[in-house]
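Reader: I would like to go through this model with you, asking at each step what a given word rests on. Could you begin once the structure is in view?

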Amino acid sequence: MTDMDLNRFEDLVAAYGATPNRWPEDERDAAEAFARSDPRARALLADADSIDALLFAHKVAEPSRTLRTMVIEGAPTKRRLTGRARLWWTTLGLALAGASGMLAGSAATAALEPVSANVQLYSQDVPALDYSTEENAQ
Amino acid sequence: MNSEDPDGDLVRRVGEGDVHAAEALVARKLPRMTALAQRLLNDRTEAEDVVQEVFLRVWKSASAWRPGAAKFDTWMHRVAFNLCTDRLRRRREVALPETWDAPDPQPLADAAISAEQQSDAVGRALADLAPRQREAIVLTYYQELPNREAAALMGIGVDALESLLARGRRALKARLEGTDD
């Protein structure tokens, strides 16, 4: 329990009002004991209580049914989550398909490259036809 | 889920797509968030916009929510509070006409008035408070946040919060009793 004097009690009540439940937890017991033991506390509490009454006269209308419905409509549902998961998997699938397509493309290119090289080599091995010579031979 | 967070289990179920949990969370938090936004903004339509935005963020974050330093209710308050203060800041950037006068709340001591009129008068007096005083009072009295949480939300210390609360209460009483002239 913390120490409590008239000054602190006055500040406490001026800020938090007359209801002990609203007083800071670590000072509540000391403040309640002070309120019971010091007659000056009574006037402070009465004044604070009148302000509390003013404050709690203010009422706010309950949220409308329309607002409630609109809010609930946005809530996640199992179906939406499943749909979202499906979309995620579809996106992932497409990405993987794209990636494997690229890989396949690369692999195909890689596989074709030696052939091209062979072709090139082969074409280098074959002497260029000299049509003019053949024509001359005929 | 966090056993110390009274909303923890509900939020986990919301994140799993449990519609009943979402309805329960809305039943628990919608009035609280609406009251917070309406008292800070003093505008029903704007308050409803803020509340919808808060819940959109709740739905997005529920599946990823993990227990941490802050409780879920505190996190919701922070989201709503920031959205409200952003709107209030934008409002202040629009200059008021020079002839603008804040409406006078009807002094409560002058006449016997209905509970509805009394509520309206307090609402106007609250709206006329300095913004930081209003924020301190709304978080502490109406939202019933512990002083440390309210102070942290406002980015101030507990001493500063107490000062704002005391000044706000005095100003409110003076306006409502017609003694602030």
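**What the words rest on**

Author: The buried residues of α5(B) pack against α3 of chain A and also against α2, α6 (131-142) and α8 of chain B. This is a predicted model, in which local features need pLDDT of at least 70 and side-chain atom pairs count only at pLDDT 80 or more, while totals for chains, interfaces and linings use all residues. Residues are numbered from 1 along each chain as its sequence is written, and chains are lettered from A and ligands numbered from 1 in the order in which they are written.

Reader: What makes a residue of α5(B) count as buried, and which residues are they?

Author: A residue is buried if 20 or more other C-beta atoms, placed from the backbone, lie within 10 Å of its own, exposed if 12 or fewer do, and partly exposed in between. In α5(B), the residues that meet the buried criterion are B:Ala121, B:Val122, B:Ala125 and B:Leu126. They are on the same side of α5(B), because they cover an arc of only 140° around the axis, the arc being that of the directions from the helix axis to the C-beta atoms. An α-helix has 3.6 residues a turn, so residues three or four places apart point the same way.

Reader: Why is α2 of chain A called a helix, and how does its span agree with what is expected?

Author: Helices (H or I, at least four residues) and strands (E, at least two) are DSSP runs, numbered from the N terminus. Helix α2 of chain A has 13 residues (25-37), and since the expected span is 1.5 Å times one less than the number of residues, it should span 18 Å, which agrees with the 19 Å between its end C-alpha atoms. The buried residues of α2(A) are A:Glu27, A:Ala31 and A:Ala35, and they pack against α1 (6-16) and α3 (40-55) of chain A.

Reader: How many helices and strands does each chain have?

Author: Chain A has 6 helices and 0 strands, whereas chain B has 8 helices and 0 strands. Of the 138 residues of chain A, 15% count as buried, and in chain B buried residues make up 35% of 181.

Reader: What makes a residue part of the contact between the chains, and how many residues does each chain give?

Author: Two residues are in contact if their C-beta atoms, placed from the backbone, lie within 7 Å. The contact takes 34 residues from chain B and 26 from chain A. On the side of chain B that touches chain A, α2 (19-41), α3 (44-61), α5 (115-128) and α8 (158-176) of chain B each supply at least two residues, and α2(B) gives the most, with 10 residues.

Reader: What is the largest nonpolar core, and why is it called a core?

Author: A nonpolar core is a set of buried Ala, Val, Leu, Ile, Met, Phe, Trp, Tyr and Cys residues joined through C-beta atoms within 7 Å, and the largest such set has 60 residues. Among those with the most contacts inside this core are B:Val14, B:Ala37 and B:Cys84, and its largest share, 10 residues, comes from α2(B). Leaving aside residues up to four places away in sequence, B:Ala37 touches B:Ala47, B:Val50, B:Val51, B:Ala80 and B:Cys84.

Reader: How do you know where the domains of chain B begin and end?

Author: Domain bounds come from an automatic or database domain assignment, which for chain B gives domain 1 (1-97) and domain 2 (111-181). Their centres, taken over C-alpha atoms, are separated by 21 Å, and 11 residues of domain 1 are in contact with 12 residues of domain 2.
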